Amino acid sequence: MNISKYMVEDNKKVELKNYATTEDHGFTEKELLEQHIPESVSKLKELHWRLHAEEKKGIVVVLQAMDAAGKDEAISYIFSNLTAQGLKTTSFQKPSDTELSHDYLWRIREGLPARGQIGILNRSHYEEVIAPRVHDLLDDETIPDNKDKEEIWSVRFRQINDFERYMVENGFEVIKFFFHMSKEEQKHRLLERMKDPKKNWEFSFSDVEERQHWDSYQEIFEDMLSNTSTDYAPWYILPADDEWYSRYIITEAMIECLEKIDPQFPEISQENREKLDKYIELLENEED
């Protein structure tokens, strides 16, 4: 798979109308479910074991989208296969009063991974350049002196880019996935959740309320993607109407990221090797 096809180049002006929400990728759903995704997940699992064992580097994964675009399902079907000790998942909602009393990036620290971990941010620091802009919520926050409301977004884009560069330079790769879903597909998925009693728990009335701001969200997403996809922390735009193919892209992109890190299982020292051999002999000779 050519992963670069979905990656937003540094400084590229993004217009979402030029990106497909579904495409003819040549795979049947059966092929994805029974062959390609299982093979990719197996490879990802092995690489993640090595990352966790080596404990030298980590990965920050950002998932951003409109409601019902498939973020939770991607976590369930892909990342839940990885070793739990090397995985950290954090979901971010509306900032609390405590969080608002700090700088807007303060709360993101809770979700960052340790070395040897993959940290998944289900929504993320990018909420701070999306929701406040859609709903004009900046009055609840302290903004820099001599900046008006429109200027603050370019400042935050720069600050976010600086923050992500800081993470990468300190050994934490940053990889970001935007679930590009059509308005028609969101309608279908929301109605499915609303009509199926077994899926009612997935539905929130706010999902429909936020849908009324669809056009504003799309414009803001374009601005966000255009200004924060960098060569060190790229965005991938997923054709999210096709859920299984999007999961396959995520898995392949994660494999590519881990292969770049190339983690290795630590080698035991000669001293500990000799001690290990003695303990192996001890247990093997132990009477039942």
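Two rings of Phe, Tyr or Trp count as an aromatic pair when their centres lie within 6.5 Å. Planes over 60 degrees apart make the pair edge-to-face, planes under 30 degrees apart make it stacked, and the rest are tilted. A search of the whole structure, which is a predicted model, finds 9 such aromatic pairs.

Take the pair formed by tyrosine 6 and tyrosine 245. Their centres are 6.3 Å apart and their planes stand at 70°. That angle is over the 60-degree cut-off, so the pair is edge-to-face. Tyrosine 6 belongs to the segment before α1 (29–54), while tyrosine 245 sits in helix α9 (residues 243–261). The pair therefore ties together parts that are 239 residues apart in sequence. Both tyrosines, 6 and 245, are buried. For tyrosine 245 the relative accessible area is 4%.

Tyrosine 245 has another ring partner, tyrosine 248. Here the centre-to-centre distance is 6.4 Å and the angle between the planes is 55°, a tilted arrangement. This pair is local in sequence: both residues lie in helix α9, 3 residues apart, or about one turn of the helix. Tyrosine 248 has a relative accessibility of 8%, so it counts as buried. Ring pairs join these tyrosines into a cluster whose members are Tyr6, Phe27, Tyr245 and Tyr248.

Stay on helix α9 for arginine 247, which is found there too. Arginine 247 lies over the face of tryptophan 244, at 4.2 Å from the ring centre. Its relative accessibility is 5%, so arginine 247 counts as buried despite being a charged residue. Leaving aside residues up to four places away in sequence, arginine 247 touches Glu73, Ala74, Tyr77 and Ile78. A charge over a ring also appears at arginine 156. The charged end of arginine 156 sits over the ring of tyrosine 104, 4.2 Å from its centre.

Now turn to open space. Rolling a probe the size of a water molecule over the atoms shows where empty space is left. The largest pocket holds about 1,000 Å³ of space. Its lining counts 41 residues. Asp67, Phe92, Gln93, Arg123 and Glu127 lie nearest the centre of the pocket. By class, the lining has 16 nonpolar, 16 charged and 9 polar residues.

Which elements each supply at least two residues of this lining? They are β1 (58–65), α2 (71–77), α3 (97–100), α4 (131–134), α7 (205–211) and α8 (214–228). The largest share, 5 residues, comes from α2.

Arg123, one of the residues nearest the centre of the pocket, deserves a second look at its backbone. Arginine 123 has a positive phi of about 70° although it is not a glycine. Most residues other than glycine have a negative phi. Arginine 123 is placed in the loop between β3 (118–122) and α4. Is arginine 123 buried or exposed? Its relative accessibility is 18%, under the 20% cut-off, so it counts as buried.

Asparagine 11 also has a positive phi of about 70°, again without being a glycine. Its setting is the segment before α1. At 68% relative accessibility, over the 50% cut-off, asparagine 11 counts as exposed.

Leucine 82 gives a view of a buried loop residue. Leucine 82 is found in the loop between α2 and β2 (87–91). Its relative accessibility is 6%, so leucine 82 counts as buried. Which residues does leucine 82 touch, not counting those up to four places away in sequence? The contacts are Leu44, Lys45, His48, Leu87 and Ile118. From leucine 82 to valine 8 the separation is 74 residues in sequence and 27 Å in space, C-alpha to C-alpha.

Step back to the whole protein. Its secondary structure comes to 10 helices and 5 strands. The C-alpha trace spans about 70 × 50 × 35 Å along its principal axes. Of the 288 residues in the protein, 50% are buried. Among contacts between residues at least 6 apart in sequence, 81% join residues at least 24 apart. The pair of tyrosine 6 and tyrosine 245 described above ties together parts of the chain 239 residues apart.

Methods. Residues are numbered from 1 along each chain as its sequence is written. This is a predicted model: local features need pLDDT of at least 70, side-chain atom pairs count only at pLDDT 80 or more; totals for chains, interfaces and linings use all residues. Side-chain values use heavy atoms; hydrogens and water are left out. On a 1 Å grid over the protein atoms alone, a cavity is a set of points where a 1.4 Å probe fits but cannot get out, and a pocket is an open set with protein on both sides within 12 Å along at least five of seven lines; lining residues have an atom within 4 Å of a point. Grid points are joined across faces, edges and corners, and a volume is the space filled by probe spheres set on the points. Helices (H or I, at least four residues) and strands (E, at least two) are DSSP runs, numbered from the N terminus. Buried means under 20% relative accessible area, exposed over 50%, partly exposed in between (1.4 Å probe, protein chains only). Contact means heavy atoms within 4.5 Å. Rings of Phe, Tyr and Trp (its six-membered ring) pair if their centres lie within 6.5 Å; planes under 30 degrees apart count as stacked, over 60 as edge-to-face and the rest as tilted. A charge sits over a ring if NZ of Lys or CZ of Arg is within 6 Å of the ring centre and within 35 degrees of the ring normal.
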